[in-house]
Amino acid sequence: MKKILYIAGLILGSMLLTACSTSDEKEQYVLYAGHSLAADHPFELAMQELKERVEERTDGRVIIEPFPLSQLGAERELIEGAMLGSVDLVVSTSGPIMNFVKDFAVLDLPFLFNDRDAAVNILEGDIGEDLFAQLREIGIVGLSWGENGFRHVTNSIKPVATPEDLEGLSLRVQENKVFISAFNELGVTPSPMAWTEALTALQSGVVDGQENPILVIDSYKLYDANQKYMTLTSHAYSSAVFMMSEHAYNRLPEDLRDIVMEEGEKIGAYERQLVVDMEEKALQRLKENGMEVVEEVDTGAFRDKIMKVYDSSENQQLLQRILSEQ
């Protein structure tokens, strides 16, 4: 909360400064942008690209100031900040959004999407527009859909090619009840914990493995944390949303607002391509550092094992819409 109050002060200061500009000067607007990942992650690279595009098209009248690594708060705090108007732009994975818009919980169901193309087509279609409409109801303007890649399983014990191979393994999972239930159904002992705790748990052997996108597995060099085996389970598509506070949206003059919206609508596709390109290189590095990678996986067999989790989903209508469109 202190971070949100701090940035609220920065924004207020910026507004006061622009209000003091002389009559023959055009006002300048500063938009503070936050996310939780590192400065070399596609989230930040995309924010920097958005900054460059917007500043160029507005002749410097709109300045975007990105803050990576949760400097303005973790994802849930950033979403709250966007609702309050203390943060202007946010990119967040979809998981924390479910705390404010329940329908986003469906996107976290494991093995929901057949592949990346299916996920993108659905999220950029009517379903994605419906979810963005619900964001507007809480004071957030959805700009575009990004991603943090598909999540995959690593472990220190054995290669995993089938659901049965997972039985008996202990895995660190997200602190997310959907993931906990799904891995229970797969015979895993799930250990929900914060990522900072997970690294120590992996190194000490407290847990056998974990699940994360390729870029995270590579960035944290999990092959040095006893993770010898990796399986491209693609068990969850980590969708993300580029969003804008409605307070910031309303503060901008219409001509500048249109430019920010136009560039914001395009930045998701730019970020997704960054993920694809970077994942390819990261996967090669993981192999070069000794990780044994199982690439051919029958995701249908895994999905069959967790149907109880699907049955317990609160929004069956949305779930069936997504499944029927693939």
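Colleague: Which residues does Val141 touch, not counting residues up to four places away in sequence?
Modeller: Val141 touches Arg136, Phe242, Met243, Met244, Glu246, Tyr249 and Met261. Touching here is contact, that is, heavy atoms within 4.5 Å. Keep in mind that this is a predicted model, where local features need pLDDT of at least 70 and side-chain atom pairs count only at pLDDT 80 or more, while totals for chains, interfaces and linings use all residues. Residues are numbered from 1 along each chain as its sequence is written, and side-chain values use heavy atoms, with hydrogens and water left out.

Colleague: Why is Val141 called buried?
Modeller: Buried means under 20% relative accessible area, exposed means over 50%, and partly exposed is in between (1.4 Å probe, protein chains only). Val141 has 4%, so it counts as buried. Val141 belongs to strand S4, residues 140-155. Helices (H or I, at least four residues) and strands (E, at least two) are DSSP runs, numbered from the N terminus. Met83 is 58 residues from Val141 in sequence, and their C-alpha atoms are 9.7 Å apart in space.

Colleague: What makes Ser245 buried?
Modeller: Its relative accessible area is 0%, so Ser245 earns the label. Ser245 sits in strand S8. Leaving out residues up to four places away in sequence, Ser245 touches Ala82, Gly85, Val87, Asp88 and Gly139.

Colleague: Asp88 turns up in that list. What makes Asp88 and Arg251 a salt bridge?
Modeller: The rule asks for a side-chain nitrogen of Lys or Arg within 4 Å of a carboxyl oxygen of Asp or Glu. Asp88 and Arg251 come to 3.5 Å, N to O, so they pass. The two come from distant parts of the chain, 163 residues apart: Asp88 is in the loop between helix H3 (75-84) and strand S3 (89-93), and Arg251 is in helix H10 (residues 246-251). Asp88 itself is buried, at 2% relative accessibility.

Colleague: Why do such side chains pair at all?
Modeller: Side chains of opposite charge can pair when their charged atoms come close. A search of the whole structure turns up 18 salt bridges.

Colleague: How do you know that Arg57 and Glu263 form a salt bridge?
Modeller: Their closest N and O atoms are 2.9 Å apart. Arg57 is in helix H2 (residues 42-57) and Glu263 in helix H11, so this pair ties together parts that are 206 residues apart in sequence. As for exposure, Arg57 has a relative accessible area of 38% and is partly exposed, whereas Glu263 has 4% and is buried. Both residues also belong to a network of salt bridges that links Glu49, Arg53, Arg57, Glu262, Glu263 and Lys266.

Colleague: Why is Asp255 called partly exposed?
Modeller: Asp255 has 46% relative accessibility, so it lands in the partly exposed range. Asp255 forms a salt bridge with Arg61, and their closest N and O atoms are 3.7 Å apart. Asp255 is in helix H11 and Arg61 in the loop between H2 and strand S2 (62-67), so parts that are 194 residues apart in sequence are tied together. Arg61, at 18%, is buried.

Colleague: How do you know that the span of helix H11 agrees with what is expected?
Modeller: The expected span is 1.5 Å times one less than the number of residues. H11 has 35 residues (254-288), so it should span 51 Å, and its end C-alpha atoms are 51 Å apart, which agrees. H11 does bend, by about 30° at Ile267. That bend is the angle between axes fitted to the seven residues ending there and the seven starting there.

Colleague: Why is the pair Phe113 and Tyr237 called edge-to-face?
Modeller: Rings of Phe, Tyr and Trp (its six-membered ring) pair if their centres lie within 6.5 Å; planes under 30 degrees apart count as stacked, over 60 as edge-to-face and the rest as tilted. Here the centres are 5.9 Å apart and the planes are at 85°, so the pair is edge-to-face. Phe113 is in the loop between S3 and helix H4 (116-123) and Tyr237 in strand S8 (residues 229-245), 124 residues apart. Phe113 is buried at 6%, and Tyr237 is buried at 4%.

Colleague: How confident is the predictor, going by pLDDT?
Modeller: pLDDT is its confidence in each residue, from 0 to 100. The protein averages 92, and 93% of the residues score at least 70. Over residues 2-9, though, the pLDDT is below 50.
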